[in-house]
Structure formats: structure tokens, C-alpha cells
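Reader: I would be grateful for a close look at one helix pairing in this structure. Please describe how the two helices meet.

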Amino acid sequence: MRYTKALTLCLILLLALASACVSGTQPANNSAANGGPRTKKGPNDPIKIGFSMDTLKEERWQRDKDLFEKRAKEIGVQLNVQVANGSDSEQIKQAENMLTQGVDVLVVAPHNSEIAASIVESAHRQGVPVIAYDRLIKNADVDLYISHQVVKMGEMQAKYLLDHVNKKPANFVIVGGSPTDNNAILLHEGQMNILKPAVERGDVKIVADQYAKEWQASAALNIVENALTQSNNQVDAVVCSNDGTARGAVQALDAQGLTGKVLVSGQDADLASLRLIVEGKQTMTVYKSLQPLAYGAMDAAVKLARGEKVETTETIDNGFKKVPAILLEPVAVDRNTLLSTVVKDGYRKLEEICAGLPPEKCPKE
Ligand code: GAL
């Protein structure tokens, strides 16, 4: 009898322990957006915002960082920026540190869209709202997602090349970005929205379709080199998902004397790629205006810290919930539209794009 009682007690204890462990790993449902920030800030209270970045490798991210810092100064916010240099464990550690230091809101540009879910859980356990910046965080209770229309960008890249290729069927290579970045997946989805029907019509043949690890130009170079070897240099267009990978592709094409003959897309309006566009080696890029993105994220963060409502344009399903989102318009840029887009917008000066290039190649203002 005593024995059974002891056993029952043990069982109850075990069950209680197990349920405590499970609830510890569940996404926090005390969502900061629903429950409000840990202490709602008044209009004159100082606000601390943490910005956890994956990388500064691509030129654009330095610009995002600069814009965050500029906006923080303008609106008197205390900003802490940490860069994880492509390491998930580093990004998690840095986010934990910022939470310990008492940030009111965390803005995260995740290295890995799945792994970063644990950052959201930690933040929410402390009542801190999280904004996913540029890249969505999957399967997590994200408070807000701010980015550009990424699927549309993939469509723009593929459509531009399809509209400008003058062969039927045309041989296409697809170079995706990092498979751990949700943007790379969305871009590929957009590219296939255009290319799949073209393949079915018999207008396009896809000779290679691979993701470039960590968005590396060297990985893109390898993918394009192999595609050229396997197709006996019969490649007509390379759909690259960003400018860094586009430059890897251009290097592989250059080695075969094919630049200018093969169409290449990109994304980011990197200076080096704008110069390749002027030279005729890269065909197009997708320009994403970063000021509204960075300022939008900062201003939204302040609102969340004060427990105010943020106006959003749509929702995006991240596997956990429909995340309220603000998605900005991307713009396609080629040689002919360079002046009316990136230059007009003040993103880049024509002199810096054309510096050292033959003047006759440079578009005239
Ligand atoms: C994507 C981002 C691009 C590009 C790339 C590599 O997620 O949207 O603009 O920078 O990452 O970092």
C-alpha cells in the first residue's frame, strides 16, 4: 500500500517535471504585441532598441546600419547594433546580451530564418516585441515583418531576362541565394512563377538550378562554371538572386568570353554591379530603397515600445501565425533606367558609378 502511494507520488512528480520542460520550449504566448511591452513607454521616456544583424558583407547592410544610426539620432532613441557575421550562435548570444541590457524592442535581420525563432521566444519571455527586418523569421510569434515584396522581386528578375532573351528555347541557369535565408526561397518562388509556364510553353530550358551557400559569389561562380561546362557554353540567361552572386556569374562568363552575350540579373543596386550594368556585363538589378525600410522599422519599434498600434499593409504566414507586415515596392533597374531610379533617388551618384569607365558607355544626364 505504502509502496503504491510512493509510486503514485513519483509519477505525479515526473509528470509535473515533464510538463514544465515542455512549456519551457513552447513559443511564448505572452506575445509582446498582444500583452504590450514590459513597461509601456511614455512619450518622453527614453527608448532602447536593439538591432541584431546577420552580416555587413553585402554593401546594402552597411547602409541599413547607417540609416538606423541616423534615424536613432534624429528621434533620440538609444540604439545598440550587433553584427553576427553569419554565425547563428553568435546572433543568439548577441540578442540575449541586448535583452539582458534591457532593450525595449528587438529588430532582427536573421542569418537563419528558422533558428532565429529562438530569439523571438527569449525576447517574448521578457515581454520584448520583435520585428523581423528584411528577412522573415519562420515558425515564431513575430510581432511585425518589414521588407520589400520579395516574391515580386524574383518575378521581376526572371521576367526581365525572359523578355530580353532572343532565343527559343533559351537555356536558363538559376542561381539562388542562401537556402537558410527565407528571402532566397521567396525569390526562387517568384522566379519559378515566371519560368515554369515558359518551360511548359517550350520557350525555356532550365539547365541548372541551385542555391549559392551563404550568398557567396564563389558559390555562384562554381554553379555557372559547371552549367557552362555541362551545356557546352550554351547558356543564354543566368537568373541571379542578388548582385554578389551576379558578380560571381559574370566572372564565370568572362572566363569564357561570354559577358554581354548572356543575360544576368541581380538585386541590391550594389555600386560594383551598377558599374557592370554600365559596362554591359550584368543586365539588370533590383533596387530596394533602404531609407523607408530602415526608418520604417525604427519608427515601428518606437511605437511598439510605447504600446501603440503600427499600421501594416498585409499579413504573411510564417508557419506559426499570420504576421502583420509592411512590404515595400522594389524597382527594376537596367542601363536605360539607371538615371531615373538609383541616381534620381540619390542612392548613388552617376560620377561614382561611371568613375574610370569609358565615358561613351556612361548614360548621359
Ligand atoms: C537577402 C537580402 C538581399 C541580400 C542578401 C545577402 O536576404 O534581401 O538584399 O543582401 O540577403 O545578404
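Author: Helix α9 crosses helix α10 in a left-handed sense, a term used when the near helix is turned anticlockwise from the far one by less than a right angle. The model is a predicted one, in which local features need pLDDT of at least 70 and side-chain atom pairs count only at pLDDT 80 or more, while totals for chains, interfaces and linings use all residues. Residues are numbered from 1 along each chain as its sequence is written, and side-chain values use heavy atoms, without hydrogens and water.

Helix α9 spans residues 243-255 and helix α10 spans residues 271-279; helices here are DSSP runs of H or I with at least four residues, numbered from the N terminus. Their axes lie 9 Å apart, at an angle of about 45°. Each axis is a line fitted to C-alpha atoms over the stretch in contact, and angles run from 0 to 180 degrees between N-to-C directions. The two helices are therefore oblique to each other, the class left once angles under 35 degrees (roughly parallel), over 145 (roughly antiparallel) and 65 to 115 (roughly perpendicular) are set aside.

On the α9 side, the contact (heavy atoms within 4.5 Å) is made by Asp243, Arg247 and Val250. Helix α10 contributes Ala272, Ser273 and Leu276. By class, these residues comprise three nonpolar, one polar and two charged; Ala, Val and Leu are among those counted as nonpolar, Asp and Arg are among the charged, and Ser falls with the others, as polar.

Elsewhere, α4 passes α5 in a right-handed crossing, the term for a clockwise turn. Helices α4 and α5 pack at an angle of about 15° and are therefore roughly parallel to each other.
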